[in-house]
Each structure stands twice: as structure tokens, then as C-alpha cells.
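These are my notebook entries on one protein structure. I set down what I looked up, entry by entry.

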Amino acid sequence: MKQQITRYRNCLLMAATVMTLTACFSDDTTTADRELSEIFIDPSSVKEVYNINKNETLVVNPVFTQSNQQKEVTTTWEIDQKVYSNEKQLNFTGKELGSWNCRLILENEDGKTFFPFKLNVNSPYEEGITILSEDAEGRPMLAFMQTPLDDAPASFYDYDCLSLNNTDIAFASHPADIVQSAGSLIIACQGNSTTTDLPTLYYVNEKTMVVENMLTVPEYDDFRPTLLGIPSMDASGVAYPVLCENGKVYEFSTTEGALVKPTKLQYTYEQNLIVRDNGSGWNYELLAWDSEIGALVQLYNGYGPYYCSKNYHQQRATCTGTNNYFDGRTLCKMTYVRMTAEQAATTDPQILVVVNNGQLIQKVVLATALWKYNYDTAETMLADNGGTKIAGIGQSPLSPTTPTIANMTYYTLLYADGNKVRRWNYTTSQMITAADVLLTVGSDDAVITSFEMSADHKKTYVAFYEPRLSGKNGSVWVFDTDNGTLLERYDNVCYRPVKMFYKKK
């Protein structure tokens with residue numbers, strides 16, 4: 001029996017995606033002289049493709065057998081053609097988004113077995129309900145509920161996106177507003193006006209929730225942001241308004257990351273901004289209420305400001321006296337009327353405006369695209385020379401900061417009254433004070449702070465908090481917009497909700 005190996009040849013054995021490289025001896029070498037032990041990976045223990053979300057940990061425990069005697073096996077995990085680990089199992093945490101080609105290599109003294117696979121780290125924050133909230137110390141918290149796939153139940157994927165993805169950042173306190181714009185979530189925090197807690201605007205990557213830029217302006221003592229007048233698209237070079245708690249406006253360039261004194265909106269405005277845009281290009285419209293002269297003001301595609309006067313597109317100086325369409329009234333509330341895609345294809349965008357004229361509360365529906373005014377009821381009306389009609393509706397419980405949401409499917413305005421969701425049909429003669437209670441949430445002490453609505457208007461999301469409770473005292477309930485039936489409950493998922501919105505892809 002020959003003890004020396006005289007010749008080798010390589011044998012390539014393939015099973016599924018497993019590749020085995022084994023040393024095979026010449027015919028004059030018997031297995032009794034040299035037992036070979038090939039490694040076979042159980043394909044059910046390792047997948048060909050893995051998909052995980054950012055910050056999730058993938059654990060893979062390969063199962064394998066050897067054809068003859070059990071020999072020592074070493075393990076190598078390769079990711080992107082680099083050795084990642086030699087542990088028996090793979091433990092991989094997705095810290096960044098991307099796709100990688102990987103291999104599992106099992107080796108004994110007789111040969112190697114390879115198993116190639118694909119690893120994808122995806123964003124868990126693509127699309128879904130997003131809530132900015134504030135804890136008892138004023139710390140901002142961002143919770144995200146991913147839109148479910150197929151018929152899977154919805155659930156909150158992450159309750160604290162900011163802290164989880166930005167462990168090295170101490171965020172400014174007192175979050176005030178959040179918007180989705182050009183691939184970022186822009187968050188405004190008021191801070192405590194101290195050197196270590198300044199008012200700050202944050203750019204947060206909308207897919208990773210990582211802060212990519214931030215802006216503080218200690219040179220402006222009165223900069224305490226409350227509302228961001230920023231459309232969703234990226235219109236380079238445009239300065240958008242940021243409303244502050246004193247009613248004054250600063251202008252913020254999203255591309256340059258700079259804040260400057262206003263050149264357009266130079267007066268005092270109510271805490272009620274409306275931004276409407278088509279999501280791309282320059283087609284956007286911003287509406288504010290000039291509280292000094294009691295008039296509605298418009299910025300259209302960066303031009304203006306124009307005033308809602310009895311003559312088309314007037315400047316502020318000419319929007320006075322009887323020429324002022326709203327005639328110096330006090331704003332109760334203005335609300336953008338949500339439309340489905342089908343409705344938007346055939347109808348101009350609309351805004352519902354409720355104003356106070358002494359003892360008389362009035363409403364008007366504006367078609368903002370062409371500044372024409374739509375008649376909405378058959379009540380006693382005040383009409384101007386263009387046939388504009390404003391109807392009396394009695395005492396109004398609304399203020400510029402009252403949480404509201406309106407839709408064209410049911411022609412209803414939903415508004416918050418403590419822990420009650422009230423429904424008012426604004427196209428009928430129903431008085432707003434007679435608005436019925438559609439839903440009551442939480443305890444008697446609960447306070448509703450925000451609404452959101454599904455694209456088809458069938459579901460409405462209401463966010464509220466329990467002031468007497470500590471910890472996560474904020475909740476989100478989902479109800480049928482038409483009849484108020486409670487459909488889903490997500491209790492204690494955030495702190496006091498500041499703003500809730502549906503983040504799109």
C-alpha cells in the first residue's frame with residue numbers, strides 16, 4: 001500500500017448554491033488509507049437572499065454535515081469580498097443602507113464548501129405615519145409606523161428614530177414642527193434659549209433618520225420657530241418662511257442652510273400656515289393670515305406676496321378698507337381641504353376659511369389656484385362685486401391653533417375639542433357650534449393635538465396625550481371618517497404629540 005500520494009485532481013461538486021472544493025486521490029489510494037470528509041451545508045439553514053431593516057441584527061446559524069469522520073471545521077463569513085467574521089454564526093447589524101454579495105465558507109483539512117448569498121439592508125422608514133412628540137423635559141422624539149404590506153397588521157416599527165440613529169447628538173428641546181422636503185425631514189426645535197440649548201433646524205435623512213445638517217442662529221434673539229412654510233420639493237435658491245411664536249417671519253433657504261430677515265412677509269401673522277404643492281418643480285402655494293390688517297396673503301411659486309382683495313392679486317398697500325375681501329376680520333381658522341387623486345384631477349384646490357366679524361362668525365371656501373371664490377351654502381350671504389358669498393355660521397369654537405382636518409369626500413371638517421373629535425359639515429346650514437361628537441378618545445383629561453387622513457379619506461388618525469400620565473403618554477387611534485367607528489388603537493407610542501403626518505416614499 002503506497003503511503004505517498006502520487007497525484008491530485010480537483011473535483012467540483014455542486015448542490016443548490018453550495019460549492020464544494022474537495023481533494024480527490026488517485027485510483028491507487030484507497031479510502032482506508034485516507035478517508036475524505038466532504039462538507040455539505042443544509043440549504044434550509046442559509047438563505048440565498050436576506051433582507052433586513054436598518055439597525056436590525058441578522059443571525060444565521062448554518063447547519064452542515066460531513067460525509068465521513070467528523071473533522072474540525074473552520075467558519076469564515078465574507079461580506080463584500082472582505083472577511084467579516086470567523087464565528088460559528090453570523091451576527092450582522094445593518095448600520096447603513098445597501099446591498100452586499102456575501103459568502104459562507106466552511107473548511108476542513110480535506111477541502112472547502114462555499115455558499116454565496118445576498119444581503120440587503122433596507123430602510124424601515126420608507127412610508128408611514130410619523131409622529132413628532134415632546135417628553136416631560138422637552139426632548140424631541142420621532143415615532144414611525146410603517147405602512148403594512150399586504151394584509152399584515154400595522155404596528156410602530158420605531159418609537160425613537162432620532163435617538164436610535166443619532167447617538168452622538170443632544171437635540172435641542174421643545175420640538176415645534178416637522179416637514180418632509182426633498183429627501184429630508186426638516187425639524188424645528190425652539191430650545192431653551194441658552195448657550196447649550198439653542199433654537200435649531202435639523203435636516204434628517206428621510207430613509208435613515210440620520211441628521212445630515214443642522215442650523216442654529218444665536219444672533220437672532222427672537223427666533224423661536226413654530227411653523228415651517230416649506231413645500232415638499234426642492235426649489236433651489238428659494239427662501240421659505242419660518243413663522244415664530246411672536247408672529248414674525250424669518251426666511252430659510254433649504255439649499256444653502258441659511259436663515260435671514262424676511263424680504264416678503266414683513267408683518268405679523270397668525271399661527272396658521274398652509275403649504276400646498278405638487279411635490280416637484282416650482283408649483284407651490286403658501287397661505288398666511290396677516291393679523292395686522294385682517295387679510296389672507298399668498299406666495300405663489302415664489303412670487304408675491306399677493307393679498308386676497310376684491311381685485312385680483314393686489315399688494316398689501318391696496319388691500320385696505322372696502323377693497324379688503326375679508327374687511328379686517330379676525331381669523332378663527334383656515335384649513336386645507338384634502339382631495340383624493342381623482343378629485344384633484346377635476347377640481348381646483350380649496351381652502352376653508354372661518355373668520356370673525358364682530359359678533360358674526362363666517363365661513364368661505366376658496367379655490368386657491370385661480371383665486372376664485374366658491375359658493376358653499378344657501379344662507380344669508382355677504383356678496384362682493386364678483387359674486388363672492390360668505391355665510392354666517394354662528395359662534396365658532398375654532399382658533400388658529402385648533403387641530404383640524406377637512407376632506408372633500410364627506411365635505412366635513414373634523415376638529416379637536418379636548419378629548420373629542422367633532423364633525424362639522426361645512427357645505428350645509430349646520431352651525432359649527434352644533435357639530436356632533438364623532439369620537440371620544442382616552443380619558444376625560446386627554447387632549448387631541450393632531451390629525452392625519454388616508455389617501456382615500458376612509459381612515460382618520462387622531463393623536464392625543466394624557467397630561468396626568470408620565471412616560472409615553474401619547475397615543476394614536478384610527479377611526480372610520482364617515483361613521484366614527486374605532487378601527488385601530490396604538491396606546492403609549494409617543495409623548496405629547498406635536499405633529500403627525502404621513503411620510504411618503
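**Entry 1: The sheet from E19 to E22**

I began with strand E21 (residues 249–253), which pairs with E22 in the antiparallel sense over three bridges. Within this pairing I looked up Ser253 and found that its bridge partner in E22 is Ala258. I should record at once that the model is a predicted one.

I then looked up the sheet to which these strands belong. It is an open sheet of four strands in the order E19-E20-E21-E22, and the pairing is antiparallel. The edges are taken by strand E19 (225–228) and strand E22 (258–260); each has a single partner strand, so one side of each is left without a neighbour in the sheet. From one strand to the next, the twist averages 35°.

**Entry 2: The chain as a whole**

I next asked how many helices and strands the protein chain has. I found two helices and 41 strands. Of the 505 residues in the chain, buried residues make up 52%. The accessible surface comes to about 23,200 Å², and carbon and sulfur atoms account for 48% of it.

I also looked up contacts along the chain. Among contacts with a separation of 6 or more, residues 24 or more positions apart account for 50%.

**Entry 3: Confidence in the model**

As the model is predicted, I looked up its confidence values. The protein chain averages a pLDDT of 85, and 85% of the residues score at least 70. Over residues 1–17 the pLDDT stays under 50, and the model has 31 contacts beyond four places in sequence for this stretch. Residues 22–29 also have a pLDDT below 50; beyond near neighbours in sequence, I noted 26 contacts in the model for them.

**Entry 4: Strands E7, E10 and E11**

I turned to strand E10 (residues 98–108) and strand E7 (residues 74–79), which pair in the antiparallel sense over six bridges. Glu78 has Arg103 in E10 as its bridge partner.

E10 also pairs with strand E11 (residues 111–122), in the antiparallel sense and over eleven bridges. I asked which residue in E11 stands opposite Asn101. The residue is Lys118. E10 and E11 are joined by a hairpin through two residues.

A general point belongs here: in a regular strand the side chains alternate between the two faces of the sheet.

**Entry 5: Asn86**

I asked where Asn86 is found. Asn86 is in the loop between strand E8 (82–85) and strand E9 (90–93). I then asked whether Asn86 is buried or exposed. Its relative accessible area is 53%, and exposed means over 50%, so Asn86 counts as exposed.

I looked up the surroundings of Asn86 as well. Asn86 and Thr74 are twelve residues apart along the chain, and their C-alpha atoms are separated by 7.5 Å. Not counting residues up to four places away in sequence, Asn86 touches Thr75 and Thr76.

**Entry 6: The sheet from E37 to E40, and Asn473**

I looked up a further open sheet of four strands, with the order E37-E38-E39-E40 and antiparallel pairing. Strand E37 (447–453) and strand E40 (486–494) are the edge strands, and each pairs on one side only. The twist here averages 20° from one strand to the next. Strand E39 (residues 474–480) and E40 run antiparallel and are joined by five bridges. Gly474 has Cys494 in E40 as its bridge partner.

Asn473 lies in the loop between strand E38 (459–465) and E39. Asn473 has a relative accessible area of 10%, and buried means under 20%, so Asn473 counts as buried. Leaving aside neighbours within four places in sequence, Asn473 is in contact with several residues, among them Phe464, Tyr465, Asn492 and Cys494.

**Entry 7: Cysteines**

Last, I asked how many disulfides the structure holds. I recorded zero. For reference, a disulfide is a covalent bond between the sulfur atoms of two cysteines.

I looked up the accessibility of two cysteines. Cys102 has 3% relative accessibility and therefore counts as buried. Cys189 also counts as buried, because its relative accessibility is 0%.

Definitions and conventions: Residues are numbered from 1 along each chain as its sequence is written. This is a predicted model: local features need pLDDT of at least 70, side-chain atom pairs count only at pLDDT 80 or more; totals for chains, interfaces and linings use all residues. Side-chain values use heavy atoms; hydrogens and water are left out. Buried means under 20% relative accessible area, exposed over 50%, partly exposed in between (1.4 Å probe, protein chains only). Contact means heavy atoms within 4.5 Å. Accessible areas come from the Shrake-Rupley method with a 1.4 Å probe; for residues, only the protein chains shown count as cover. pLDDT is the predictor's confidence in each residue, from 0 to 100. Two strands pair if DSSP finds at least two bridges between them. Axes are lines fitted to C-alpha atoms, for helices over the stretch in contact, and angles run from 0 to 180 degrees between N-to-C directions. A disulfide is a pair of cysteine sulfur atoms within 2.5 Å.
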